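Subject: Structure handover

Hi,

Here is the structure I promised to pass on to you. Please have it open while you read, since my notes are meant to be followed alongside the atoms.

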Amino acid sequence: MPSLDDLRKRITSVKSTQKITKAMKMVAAAKLRKAQENAEKGRPYSEKMNNVILNLSKSITDKENAPKLLVGTGEEKVHLCIVLTADRGLCGGFNTNIIKKAKSYFEKIISENKTLKIITVGSKGYDQLKRQYKSYIVENISFKESKNINYFDADKVGKIIIEKFEKNEFDVCAIFYNKFKNVITQIPQEQQIVPLNEDKEVSGNDNDYEFEPDEDEILSNLLPKNISTQIFKAMLENSASEQGSRMTAMDNATRNAGELVDRLTIEYNRSRQAAITKELIEIISGAESL
Amino acid sequence: MSNLFNIDIVNPEQSFLSKDNVFEVVIPAVEGEIGILKDHIPIISFLKPGIIRVFSESEEQSFYVEDGIVEFKDNTLSVLTSSIFDLKDADKNFVSESISSAEAELSKDNIDDQKRFLLNHKVEVLKSISIN
């Protein structure tokens with residue numbers, strides 16, 4: 001049985017841990033609001049971008065000569081996976097969920113005897129993947145220095161992807177991130193960005209656009225930008241998810257610490273009372289024997 | 001009948017400008033400036049470095065853009081750009097920095113004609129800003 005002193009020490013230590021988790025929860029809550037706002041502000045851009053590309057790709061009749069970023073290289077041999085994670089831990093299952101999703105995709109690729117290349121964005125993803133997939137990781141990017149998510153960073157990742165594509169280093173590119181649904185739920189997403197998935201056919205919207213210069217040139221200018229935009233969107237969703245996930249995790253931790261303190265306090269009081277009773281009995285039985 | 005239409009300028013981080021009372025917008029499209037009035041036919045084009053001028057009933061605004069895409073449809077002009085600032089709050093240091101970085105880029109040997117043209121143009125526009 002632990003001594004009174006040990007119990008007292010444990011109670012203080014749990015209490016100070018609780019203080020930390022509580023503070024982290026509140027910081028995450030404040031950051032979450034900002035991240036959510038940013039994610040909402042960034043939405044019109046990517047939506048409009050999607051619209052324009054949709055309109056453009058519809059008006060392209062010559063599929064053979066269409067930009068490769070849109071229709072793909074015609075092969076599916078080399079897959080490039082961009083895994084977007086956080087730079088910091090203590091945020092519940094946030095990082096693990098993305099990794100899990102990515103790993104199941106990796107296994108599929110490997111079992112089909114295709115080549116796999118991985119780029120990790122965010123240090124936590126790299127830490128978790130390097131043990132098992134070290135030989136596949138071609139690049140590891142981290143934006144620890146930038147305080148806020150900015151487009152400039154996303155553009156850097158986008159440029160790396162484009163560069164690799166132009167050197168024919170991959171055929172298919174997919175990104176993995178967490179989509180922010182609400183504070184408790186974040187859904188790990190797998191999204192293919194090269195070639196662009198054209199499953200969203202919008203019918204009844206046959207506006208005849210005038211293009212200046214022609215469609216091909218606009219598309220080849222636009223598609224690289226779209227990749228950066230998609231990555232930026234993923235980063236925004238990710239940062240909102242990270243804060244949400246951290247908030248929930250820290251809330252749970254605070255509650256658990258509270259329960260632990262309660263239990264320890266009861267145990268402490270009990271053993272203190274037991275000690276007092278024992279002393280009393282000793283005194284009484286000592287007095288009686290006289 | 002009113003001759004006004006809507007304009008939305010968005011950059012990746014936020015909606016930069018949204019107005020519903022403009023009657024003319026001049027955009028630096030890649031093949032020359034385009035003036036857009038109400039009921040222009042639907043058009044998609046992209047931008048070269050230059051000045052967007054927005055004329056509304058009450059005021060005239062000018063913005064510097066580096067690149068972007070414009071779409072005009074149903075009397076709404078959408079401008080998507082990653083780098084834009086209002087000429088009124090142009091930062092002297094930023095402008096001169098951009099000029100020097102563009103000039104440094106120009107002095108490299110491995111750029112093609114199209115890029116050289118765009119960079120030259122960028123320097124020109126930026127210089128015209130810093131004179132004002």
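Below are my notes on the helix packing, the core, the chain contact and one residue of chain B.

Please bear in mind that this is a predicted model.

**The long pairing in chain A**

I would begin with helix α1 of chain A, residues 4-59, and its passage along α6(A). Their axes come within 5 Å and cross at roughly 160°. An angle over 145° counts as roughly antiparallel, and α1(A) and α6(A) are therefore described that way. The crossing of this pair is left-handed. Sorted by class, the contact between α1(A) and α6(A) holds 29 nonpolar, 17 polar and 13 charged residues.

**A second partner for α6(A)**

Helix α6 of chain A spans residues 215-289, and helix α5 of chain A, residues 151-166, also packs with it: the two axes come within 8 Å, at a crossing angle of roughly 130°. That makes α5(A) and α6(A) oblique to each other, and their crossing is right-handed. On the α5(A) side, the residues that meet α6(A) are A:Tyr151, A:Ala154, A:Asp155, A:Val157, A:Gly158, A:Ile161 and A:Ile162. Facing them from α6(A) are A:Pro224, A:Ile227, A:Ser228, A:Ile231, A:Phe232 and A:Met235. By class, this contact of α5(A) with α6(A) is made of 10 nonpolar, 2 polar and 1 charged residues.

**α3(A) against α4(A)**

Another pair to look at is helix α3 (residues 94-111) and helix α4 (residues 123-133), both of chain A, whose axes come within 10 Å and cross at roughly 35°. This crossing is right-handed. A:Asn95, A:Ile98, A:Ile99 and A:Phe106 of α3(A) meet A:Lys124, A:Gly125, A:Gln128, A:Leu129 and A:Tyr133 of α4(A). The class count for the contact of α3(A) with α4(A) is 5 nonpolar, 3 polar and 1 charged residues.

**The nonpolar core**

Which residues touch the most other members of the largest nonpolar core? In this core of 81 residues, they are A:Cys81, A:Ile82, A:Val83, A:Leu84 and A:Phe176. The element that gives the most to this core is α6(A), with 14 residues.

A:Val83 is a good place to zoom in. Setting aside residues up to four places away in sequence, A:Val83 touches A:Ile98, A:Ala102, A:Ile118, A:Thr120, A:Val121, A:Gly125, A:Leu129 and A:Phe176. Among these, A:Ile98 belongs to α3(A), while A:Gly125 and A:Leu129 belong to α4(A).

**Where chain A touches chain B**

Between the chains, 23 residues of chain A are in contact with 21 residues of chain B. On the side of chain A, the elements that give two or more residues are α1, β6 (210-212) and α6. The largest share there, 10 residues, comes from α1(A). By class, the side of chain A that touches chain B has 12 nonpolar, 6 polar and 5 charged residues.

**One residue in chain B**

Is B:Phe72 buried or exposed? B:Phe72 has 24 C-beta neighbours inside 10 Å, so this residue counts as buried. B:Phe72 is found in strand β7 of chain B, residues 68-73. Neighbours within four places in sequence aside, B:Phe72 is in contact with B:Ile36, B:His40, B:Pro42, B:Ile43 and B:Leu77. From B:Phe72 to B:Ser56, the separation is 16 residues in sequence and 17 Å in space, C-alpha to C-alpha.

Best wishes

Terms used. Residues numbered from 1 in each chain as written. Chains lettered and ligands numbered in written order. Predicted model: local features only at pLDDT ≥ 70, side-chain atom pairs only at ≥ 80, totals over all residues. Axes fitted to C-alpha atoms, helices over the stretch in contact; angles between N-to-C directions. Helix = DSSP H or I, 4+ residues; strand = E, 2+ residues; numbered from the N terminus. Parallel < 35°, antiparallel > 145°, perpendicular 65-115°, else oblique. Left-handed = near helix turned anticlockwise from the far one by under 90°. Contact = placed C-beta atoms within 7 Å. Nonpolar A, V, L, I, M, F, W, Y, C, P; charged D, E, K, R; others polar. Core = buried A, V, L, I, M, F, W, Y, C linked by C-beta atoms within 7 Å. Buried ≥ 20, exposed ≤ 12 C-beta atoms within 10 Å, placed from the backbone.
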